[in-house]
Amino acid sequence: MARRLVALLGAAIAASGVITAMTVTAAVAGTSAEVLDAMQRDLGISAGEAAARLSDEDRAAKTDRLLRKKLSHGYGGSWYDPAKAKLVVAVTGEAAAQTARADGAEAVVVSRTEARLDALKSELDNRSKASPRTVAGWYVDVPSNKIVLLSRGEALGAAHSFVAASGVPADAVSVVASTESPRPLIDVVGGNAYYIGAGTRCSIGFSVTDGFVTAGHCGNTGASTSQPTGQFVGSSFPGNDYAYVRVAAGNTPIGAVNNYSGGRVAVAGSQDAPVNSSICRSGSTTGWRCGTIQARNSSVTYPQGTVSGLIRTSACAEPGDSGGSAISGSQAQGVTSGGSGNCSSGGTTYFQPVNEILQTYGLTLVTDGGGNPPGGCDDSENTYNGNLSSGGNAIQPGGGSYTTTTSGAHLGCLAGPSGTDFDLYLQKLNGSTWTSVASGTTPQASETVTYNGTAGTYRWRVHAYSGSGAYTLGTTTP
């Protein structure tokens with residue numbers, strides 16, 4: 001089997017060294033010592049507290065994924081409570097609350113579902129062009145079960161008028177005085193950067209199969225890049241703030257981000273982390289910085305227009321960090337869009353969710369290939385067993401396929417016999433043809449695959465590249 005050699009991507013990840021292995025102090029598979037160090041520095045906690053928090057947040061993310069499916073229309077959103085080290089789930093009735101508590105979460109009864117909050121926020125998004133200049137942005141605040149709208153200055157009348165004109169009920173919006181003045185983070189800096197056109201520089205986000213994703217305000221579709229050489233295949237800003245750059249032959253995307261300490265942090269997947277989870281970002285101006293997720297589905301108004309659906313965080317950033325990576329533990333979260341403040345006095349930074357970029361352009365995130373997928377083998381929703389002779393193939397589930405009606409993460413964890421080389425492929429049905437959309441093909445007996453895909457029909461193919469014996473395949477679907 002042809003194996004791709006892993007090489008440096010020019011300025012895509014400019015630091016020397018190798019991907020840092022998980023240390024014995026890391027509580028979540030795939031988490032590096034650099035993540036723990038940065039959390040200690042920026043969150044003001046000890047090494048043990050950082051490791052414990054990551055472990056608790058990992059458990060909370062698994063519980064959240066389970067309850068989203070169980071509660072369905074009664075789900076009002078969730079957040080991580082660091083004081084109680086557990087997930088809090090908002091629900092619209094006592095029956096749903098009992099379900100959440102039975103699965104280990106704390107439940108809070110609210111009047112609006114997450115879907116209703118998102119719909120109300122969309123009404124504001126639809127009127128973003130009429131937003132007053134004093135309005136810095138707005139976002140869904142799950143703990144308060146409202147939309148929070150940020151307005152500069154003490155006079156908030158224009159903000160209230162904007163809400164009233166949108167038709168959104170006044171009791172569903174909290175207008176808050178704010179000093180934020182968000183702007184895209186583009187300015188020229190050194191470090192791990194790439195260049196656009198005649199010299200504009202931004203930071204690389206996450207590697208995909210033939211390139212990388214970054215912020216849309218960094219370049220328009222068709223713009224050329226250097227270090228690495230490439231071209232913007234797609235770009236959207238404002239409204240969204242994402243872009244996809246395809247790199248030229250000779251550049252090799254790898255599943256890691258620069259930790260600005262002489263090494264790299266491995267990327268294992270892109271499972272969304274709950275509100276209040278820790279998040280760290282990498283950029284060419286301020287390096288590696290951490291904070292917490294304050295909200296998802298946040299809208300922010302830049303001078304160029306409003307961008308919606310962003311992740312709002314307390315991690316600091318400065319001009320030149322635009323497009324850079326944001327990661328929770330080993331899970332990719334988003335690319336840097338813009339923010340307020342700086343890394344001396346602190347600030348707010350917004351990120352474009354990476355899964356939306358992957359789904360919009362049909363891209364596959366490049367991961368380091370190590371560790372269990374989000375949720376882990378032991379937590380897989382489905383388990384399949386089989387036996388293969390060398391060179392043989394097996395299709396799961398049960399020789400057939402499965403269909404999902406929603407977008408999300410497909411997770412596969414294959415454990416083959418010791419001393420063999422078993423590979424794993426995720427295939428999607430396109431018309432009458434099965435196309436491999438993700439794979440794990442290391443020279444090992446075990447493989448992991450994480451793929452963020454759209455609705456459709458899928459199947460898993462297990463291949464015994466060399467050696468024979470029994471295997472176990474664990475899978476989780478959106």
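Two strands count as paired here if DSSP finds at least two bridges between them, and the strands themselves (E, at least two residues), like the helices (H or I, at least four residues), are DSSP runs numbered from the N terminus. Keep in mind that this is a predicted model, where local features need pLDDT of at least 70, side-chain atom pairs count only at pLDDT 80 or more, and totals for chains, interfaces and linings use all residues. Residues are numbered from 1 along each chain as its sequence is written, and side-chain values use heavy atoms, with hydrogens and water left out.

Let's start with the sheet built from β1, β2 and β3. It is an open sheet of 3 strands, in the order β1-β2-β3, and its pairing is mixed. At the edges you'll find β1 (75–81) and β3 (106–109), each of which pairs on one side only. From one strand to the next, the twist averages 25°; angles like this run from 0 to 180 degrees between N-to-C directions, using axes fitted as lines to C-alpha atoms (for helices, over the stretch in contact). Strand β2 (residues 86–91) pairs with β3 in the parallel sense, over 4 bridges. Look there for Val88, which stands opposite Glu106 in β3.

Two helices go with this sheet. Helix α2 (residues 47–71) packs on it and touches β1 and β2, with a direction about 170° from that of β1. Contact, by the way, means heavy atoms within 4.5 Å. Helix α3 (residues 94–102) lies across β2 and β3 and runs at about 165° to β3.

Now for helix α4 (residues 114–126). Its 13 residues reach 18 Å from first C-alpha to last, close to the 18 Å expected at 1.5 Å a residue (the expected span is 1.5 Å times one less than the number of residues). Which residues of α4 are buried? They are Glu114, Leu117, Leu120, Lys121, Leu124 and Asp125. Seen down the axis of α4, these buried residues fall within an arc of 155°, so they line one face of the helix; the arc is that of the directions from the helix axis to the C-beta atoms. On the other side of α4, Ala115 and Asn126 are exposed. For the cut-offs, buried means under 20% relative accessible area, exposed over 50%, and partly exposed in between (1.4 Å probe, protein chains only).

Further along the chain, let's turn to Ser178, which sits in strand β6 (residues 173–178). Ser178 counts as buried, at 11% relative accessibility. A polar atom of its side chain lies 3.0 Å from the backbone nitrogen of Glu180. Setting aside neighbours within four places in sequence, Ser178 is in contact with Leu150, Ser151, Arg152 and Gly153.

Next comes an open sheet of 7 strands, ordered β9-β8-β12-β13-β14-β11-β10, with antiparallel pairing. The edges belong to β9 (200–202) and β10 (206–208); each has a single partner strand, so one side of each is left without a neighbour in the sheet. Ignoring direction, neighbouring strands of this sheet are turned by 35° against each other on average.

At the β9 edge, 3 bridges join β8 (residues 194–196) to β9 in an antiparallel arrangement, and Ile196 stands opposite Thr200 in β9. At the β10 edge, a hairpin joins β10 to β11 through 2 residues, and the two strands pair in the antiparallel sense over 3 bridges. Phe206 has Val213 in β11 as its bridge partner. Val213 also has a bridge partner in β14, namely Tyr244, and 4 bridges join β11 to β14, again antiparallel. Helix α6 (residues 354–361) lies across β10, β11 (211–214), β13 (230–236) and β14 (242–247), running at about 60° to β14.

Is Thr214, in strand β11, buried or exposed? At 0% relative accessibility, Thr214 counts as buried. A polar atom of its side chain lies 3.1 Å from the backbone oxygen of Ser203. Beyond its neighbours within four places in sequence, the contacts of Thr214 include Tyr194, Phe232, Ala243, Ser322 and Val335.

One last stop is Asn430, in strand β27 (residues 421–430). Asn430 is partly exposed, with a relative accessible area of 39%. Its side chain makes a polar contact with the side chain of Thr435 (3.1 Å). A polar contact is a pair of N or O atoms within 3.5 Å; within protein, one must be able to donate a hydrogen and the other to accept it, and residues adjacent in sequence count only if both atoms are side-chain atoms. Asn430 and Gly456 are 26 residues apart in sequence and 8.8 Å apart in space, C-alpha to C-alpha.
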